[in-house]
Amino acid sequence: MDQIRSAIEIFEAAHPNCQALFIFDQSSAHASLPPDALKAFEMNKSDGGKQRKQCDTEIPQSNPDPRFWGQPQKMTTSSGQQKGLQAVLEEHGFDVSHLKAKCVPVCPFESQNCCMARLLSQQEDFMNQESMLETFIRGASHECLFLPKFHCELNPIEIVSKNMFFNY
């Protein structure tokens with residue numbers, strides 16, 4: 001973050017009133033989520049217990065029940081406890097009475113609703129969270145793009161490296 005903060009300061013000094021576009025490869029460090037990110041597999045089935053604080057969200061337009069679209073989703077109860085999987089999914093309009101909390105040891109490959117954690121993790125608000133890097137850059141009124149995985153031909157530095165290597 002210090003490097004990007006410096007890059008933004010340098011860009012803004014050199015190009016006042018302009019917007020920068022930062023391009024990143026698919027490093028896991030670039031995708032780091034904030035400490036209060038929504039993570040279904042770190043939630044308990046029921047409210048309370050040892051769960052970390054997660055940020056509030058908004059039920060997305062892709063939710064199966066249109067009655068809930070755009071509704072705020074608090075991740076804590078009125079008493080301040082962290083909500084569990086069951087409460088959050090029921091507030092999204094899902095009937096989870098037949099689902100277990102989590103699969104053990106892991107969910108079956110390509111499953112979609114084998115357990116509460118998998119079902120919640122596949123909701124748009126849980127899947128499409130901005131990384132800390134994206135949030136920081138967009139907060140400074142600039143833009144960023146992430147190159148697709150395993151497509152080095154789209155990475156400008158790879159093209160330069162390749163041309164330099166083959167020209168010698």
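Here is a friendly conversation about a predicted model of a protein chain.

Visitor: Let's start with the overall layout; in what order do the elements of the chain run from the N terminus on?

Guide: Welcome! The chain has six helices and four strands. Reading from the N terminus, their order is α-β-β-β-α-α-α-α-β-α.

Visitor: And what share of the residues of the chain counts as buried?

Guide: Let's take the surface before the inside. The accessible surface of the chain is about 11,100 Å², and carbon and sulfur atoms account for 55% of that. As for the residues, the chain has 168 of them, and the share that counts as buried is 33%.

Visitor: Among contacts between residues at least 6 apart in sequence, what share joins residues at least 24 apart?

Guide: Here we look at contacts in the chain and leave out those between residues fewer than 6 apart in sequence. Of the contacts that remain, the share joining residues at least 24 apart is 54%.

Visitor: Let's look at strand β1; which of its side chains point to one face and are buried?

Guide: In a regular strand, side chains alternate between the two faces of the sheet. Strand β1 covers residues 21-24, and its side chains do alternate. Leu21 and Ile23 point to one face and are not buried. Those that point to the other face and are buried are Phe22 and Phe24.

Visitor: What nonpolar feature do Leu21 and Ile23 help to make?

Guide: These two side chains of β1 are not buried. Together with Leu145, Leu21 and Ile23 make a nonpolar surface patch of about 280 Å².

Visitor: Which residue in β4 stands opposite phenylalanine 24?

Guide: Strand β4 spans residues 143-146. It pairs with β1 in the parallel sense, over four bridges. Within β4, the residue opposite phenylalanine 24 is phenylalanine 146.

Visitor: Moving on to helix α5, on which side or sides of it do its buried residues lie?

Guide: Helix α5 runs over residues 132-139, and its buried residues are Leu133, Glu134 and Ile137. They cover an arc of only 95° around the axis, so they lie on the same side of α5.

Visitor: What is included in the cover over those buried residues of α5?

Guide: The buried residues in question are Leu133, Glu134 and Ile137. Their cover includes one helix, α1 (2-14), and two strands. Those strands are β1 and β4.

Visitor: How far along helix α1 are aspartate 2 and arginine 5 separated, in helical turns?

Guide: The side chains of these residues meet in a salt bridge, at 2.9 Å from N to O. Aspartate 2 is exposed, with 57% relative accessible area, while arginine 5 is partly exposed at 34%. An α-helix has 3.6 residues a turn, so residues three or four places apart point the same way. Because aspartate 2 and arginine 5 are three residues apart in α1, their separation is about one helical turn.

Visitor: In the salt bridge of arginine 67 and aspartate 65, is aspartate 65 buried or exposed?

Guide: The closest N and O atoms of this salt bridge are 2.5 Å apart. Arginine 67 has a relative accessibility of 63% and counts as exposed. Aspartate 65 has 16%, and buried means under 20%, so aspartate 65 is buried.

Visitor: Which residues are joined with Arg138 into one network of salt bridges?

Guide: The structure holds eight salt bridges. In one of them, arginine 138 meets glutamate 130, with the closest N and O atoms 2.9 Å apart. Arginine 138 is partly exposed at 30% relative accessible area, and glutamate 130 is partly exposed at 34%. Through shared partners, the residues joined with Arg138 are Glu130, Glu134 and Glu143.

Visitor: Where is proline 105, the residue that follows a cis peptide bond?

Guide: Most peptide bonds are trans. The bond from valine 104 to proline 105 is cis, with omega near 0°. Proline 105 lies in the loop between α2 (85-91) and α3 (116-121).

Visitor: What is the phi of serine 141?

Guide: Most residues other than glycine have a negative phi. Serine 141, in the loop between α5 and β4, is exposed, with a relative accessible area of 51%. Although serine 141 is not a glycine, its phi is positive, at about 65°.

Conventions
Residues are numbered from 1 along each chain as its sequence is written. This is a predicted model: local features need pLDDT of at least 70, side-chain atom pairs count only at pLDDT 80 or more; totals for chains, interfaces and linings use all residues. Side-chain values use heavy atoms; hydrogens and water are left out. Patches are made of residues with over 30% relative accessible area and no salt bridge: like charges are joined within 9 Å, nonpolar side chains (Val, Leu, Ile, Met, Phe, Trp, Tyr) within 5 Å. Accessible areas come from the Shrake-Rupley method with a 1.4 Å probe; for residues, only the protein chains shown count as cover. A salt bridge is a side-chain nitrogen of Lys or Arg within 4 Å of a carboxyl oxygen of Asp or Glu. Buried means under 20% relative accessible area, exposed over 50%, partly exposed in between (1.4 Å probe, protein chains only). Contact means heavy atoms within 4.5 Å. Two strands pair if DSSP finds at least two bridges between them. The arc is that of the directions from the helix axis to the C-beta atoms.
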